[in-house]
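Subject: Structure handover

Hello,

Here is the structure I said I would pass on. My notes on it follow below.

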Amino acid sequence: MSRLLDVEARRLKATNRSFYTISSAGHEQNAVVGAQLRITDPCFLHYRSGGLMMARSRKAPEVDPVTDTLLSLCARADDPISQGRHKVWGSRRLWVPPQTSTIASHLPKAVGMAFSLGRARRLGHDPEGLPDDSIVCCTFGDASANHATALTGVNAARYALRRGNPMPVLFVCEDNGLGISVETPRRWIRETFGGMRYLRYFEAEGEVDEVWDVVEEAVHLCRTRRLPVFLRLSTVRLWGHAGSDIELAYRSAREIEAMEAEDPLLRNARRLVETGAADGDTLLGILEGLGTRIREAGDAVASLPALETVEEVVAPLAPF
């Protein structure tokens with residue numbers, strides 16, 4: 001679903017009906033995180049966390065992630081999150097506060113929410129029905145991990161734990177090895193965060209069932225021990241940084257082909273077939289059925305009205 005929404009975003013962009021083409025293609029293993037977190041675990045999401053958002057949406061059947069995402073991609077006034085301003089992941093029902101996630105600016109906010117979960121009960125405040133064992137998830141890229149905002153967030157979480165405060169925050173670094181056109185040095189994330197005190201470190205890579213097991217352990221530790229956990233999730237970046245990116249300007253064709261060979265959807269499909277969990281015809285049927293549904297929804301959403309005046313654009317989003 002996430003991948004086909006990325007395809008649809010570029011199809012609509014080709015006819016000037018959509019204006020956002022930063023995709024989640026290659027990062028879909030984050031759907032494993034979305035499948036394992038509860039709907040009452042607030043999530044502050046990176047712009048490539050489409051798979052996570054789709055998996056999370058399955059926990060609330062009343063949420064239509066296809067239409068909501070397309071409304072956001074097309075900047076239509078009916079978008080339930082930005083109401084026509086910008087494409088962001090967000091949902092009140094799914095406990096996903098909207099983030100643009102620019103240079104990891106959302107990490108300190110995620111840490112602040114994790115800190116507040118521990119303080120709320122002491123202050124006699126009910127955090128809108130969140131259970132006592134809720135955790136906060138925050139996803140970001142490997143390049144963003146170098147920004148001061150990211151380092152501030154991680155350090156604040158470690159410091160709070162050292163001070164004796166519960167700090168149930170799960171940092172998920174979606175490591176694709178690139179920051180737009182600049183390569184991240186190999187093992188940089190591990191070398192930077194793997195040895196920090198007061199921060200438990202995990203790496204999830206390999207086949208989807210292997211990723212599942214590591215994510216399960218990381219989530220369980222964060223939830224039961226109420227401490228900050230750093231999960232490096234191995235991903236690849238397909239189709240460049242965005243639709244406007246000329247990837248051949250800084251990567252060779254061989255490098256691009258090597259990344260395409262690691263496409264998680266193909267890899268997961270192969271794993272499902274090899275283990276007997278599914279057959280090729282069933283998987284192709286899912287692909288074709290979703291493709292038709294998403295194309296039809298894209299055409300319908302693109303015909304809806306957008307914001308037209310300055311007054312509409314600058315009107316406050318927060319309820320009065």
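In helix α5 and helix α6 (residues 148–162), the axes come within 7 Å of each other and cross at roughly 20°. Angles under 35 degrees count as roughly parallel, and α5 and α6 therefore fall in that class. On the α5 side the contact is made by Leu107, Pro108, Val111 and Phe115. The α6 side supplies Thr149, Ala150, Gly153, Val154, Ala156, Ala157 and Ala160. Please keep in mind that this is a predicted model.

Next, the sheet. Five strands form an open sheet in the order β1-β4-β5-β9-β8, and the pairing is parallel. The edges are held by β1 (43–44) and β8 (200–204); each has a single partner strand, so one side of each is left without a neighbour in the sheet. The partner of β1 is β4 (residues 136–141), which runs parallel to β1 and is joined to it by two bridges. Cys43 has Cys137 of β4 as its bridge partner. Helix α5 (residues 107–120) packs on this sheet, where it touches β1, β4 and β5 (169–175). The direction of α5 makes about 165° with that of β4.

On the interior: the largest nonpolar core has 46 residues. Those with the most contacts inside this core are Leu37, Leu70, Leu170, Val215, Val229 and Leu231. Helix α8 (residues 208–225) gives the most to the core, with seven residues. Leaving aside residues up to four places away in sequence, Leu37 touches Cys43, Arg56, Lys59, Ile135, Cys137, Leu170 and Val219. Both cysteines of the bridge pair mentioned above are thus on the contact list of Leu37. Another core lies apart from the largest one; it has 26 residues, among them Phe140, Ala157, Cys173 and Tyr201. Of these, Ala157 also appears in the contact between α5 and α6.

One polar residue may interest you. Gln99 is found in strand β3 (residues 96–99). Its relative accessibility is 7%, and buried means under 20%, so Gln99 counts as buried. What does the side chain of Gln99 make polar contact with? One partner is the side chain of Lys109, at 2.8 Å. In addition, a polar atom of the Gln99 side chain lies 3.2 Å from the backbone oxygen of Pro97. Not counting residues up to four places away in sequence, Gln99 touches Phe44, Leu45, Val88, Trp89, His106 and Lys109.

Regards

How values were computed. Residues are numbered from 1 along each chain as its sequence is written. This is a predicted model: local features need pLDDT of at least 70, side-chain atom pairs count only at pLDDT 80 or more; totals for chains, interfaces and linings use all residues. Side-chain values use heavy atoms; hydrogens and water are left out. Two strands pair if DSSP finds at least two bridges between them. Helices (H or I, at least four residues) and strands (E, at least two) are DSSP runs, numbered from the N terminus. Contact means heavy atoms within 4.5 Å. Axes are lines fitted to C-alpha atoms, for helices over the stretch in contact, and angles run from 0 to 180 degrees between N-to-C directions. A nonpolar core is a set of buried Ala, Val, Leu, Ile, Met, Phe, Trp, Tyr and Cys residues joined through side-chain atoms within 4.5 Å. Buried means under 20% relative accessible area, exposed over 50%, partly exposed in between (1.4 Å probe, protein chains only). A polar contact is a pair of N or O atoms within 3.5 Å; within protein, one must be able to donate a hydrogen and the other to accept it, and residues adjacent in sequence count only if both atoms are side-chain atoms. Angles under 35 degrees count as roughly parallel, over 145 as roughly antiparallel, 65 to 115 as roughly perpendicular and the rest as oblique.
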